[in-house]
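Subject: Handover of a structure and its findings

Dear colleague,

Please find the structure below, together with its sequence. A short account of what was found in it follows.

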Amino acid sequence: MDKKKLLINPVPVAREVKFSDGTVETCHFLQLNAGQIRRWRMDERSDDPKVVSYGMQRLVAQSLCDEKGKLVLTEAEAVGLTASGLQDLFPHVIAASC
């Protein structure tokens, strides 16, 4: 068995992101591990509104990186994402992790 099929790839994934303002940029995303995805899914079902509100932003902060794999947002910065920014980036976070 090739365990590479089961482990995350540490190489950033380049994706063309079309932003809500119409611009297109190449952004890089790290593949998230199963625990990070599970935490987000649990956050979505939390009784704490703050936990529910910021789960998606946390995933963006854990995935969005530069071409070398260095994260570009802290979790504190990700809390400041606009609704459109989150909407533009989040599908790419999930796609890069599948």
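Two strands are said to pair if DSSP finds at least two bridges between them. Helices (H or I, at least four residues) and strands (E, at least two) are DSSP runs, numbered from the N terminus. Residues are numbered from 1 along each chain as its sequence is written. The model is predicted, with local features needing pLDDT of at least 70, side-chain atom pairs counting only at pLDDT 80 or more, and totals for chains, interfaces and linings using all residues, while side-chain values use heavy atoms and leave out hydrogens and water.

The sheet

Strand E1 (residues 13-18) and strand E2 (residues 24-29) are joined by 6 bridges in the antiparallel sense. Three pairs can be followed from E1 into E2: Glu-16 stands opposite Thr-26, Val-17 has Glu-25 as its bridge partner, and Lys-18 stands opposite Val-24. The hairpin of E1 and E2 has 5 residues between the strands, and Gly-22 adopts a positive phi near 95 degrees in this hairpin.

On E2 there is a further pairing, with E3, again in the antiparallel sense and over 2 bridges. Here His-28 has Cys-65 in E3 as its bridge partner. Together, 3 strands make up an open sheet with the order E1-E2-E3 and antiparallel pairing. E1 and strand E3 (64-65) are the edge strands, each pairing on one side only. Helix H4 (residues 83-97) packs on this sheet and touches E1, E2 and E3, where contact means heavy atoms within 4.5 Å. The direction of H4 makes about 155 degrees with that of E1; axes are lines fitted to C-alpha atoms, for helices over the stretch in contact, and angles run from 0 to 180 degrees between N-to-C directions.

The helix pair

How do the axes of H1 and H2 cross, and at what angle? Helix H1 (residues 34-44) and helix H2 (residues 49-63) have axes that come within 8 Å and cross at roughly 160 degrees. H1 and H2 are therefore roughly antiparallel to each other, a term for angles over 145 degrees.

In this contact, the residues of H1 are Gln-36, Ile-37, Arg-39, Trp-40, Asp-43 and Glu-44, and they meet Val-51, Val-52, Gly-55, Met-56, Arg-58, Leu-59 and Gln-62 in H2.

Yours sincerely

Methods. Parallel < 35°, antiparallel > 145°, perpendicular 65-115°, else oblique.
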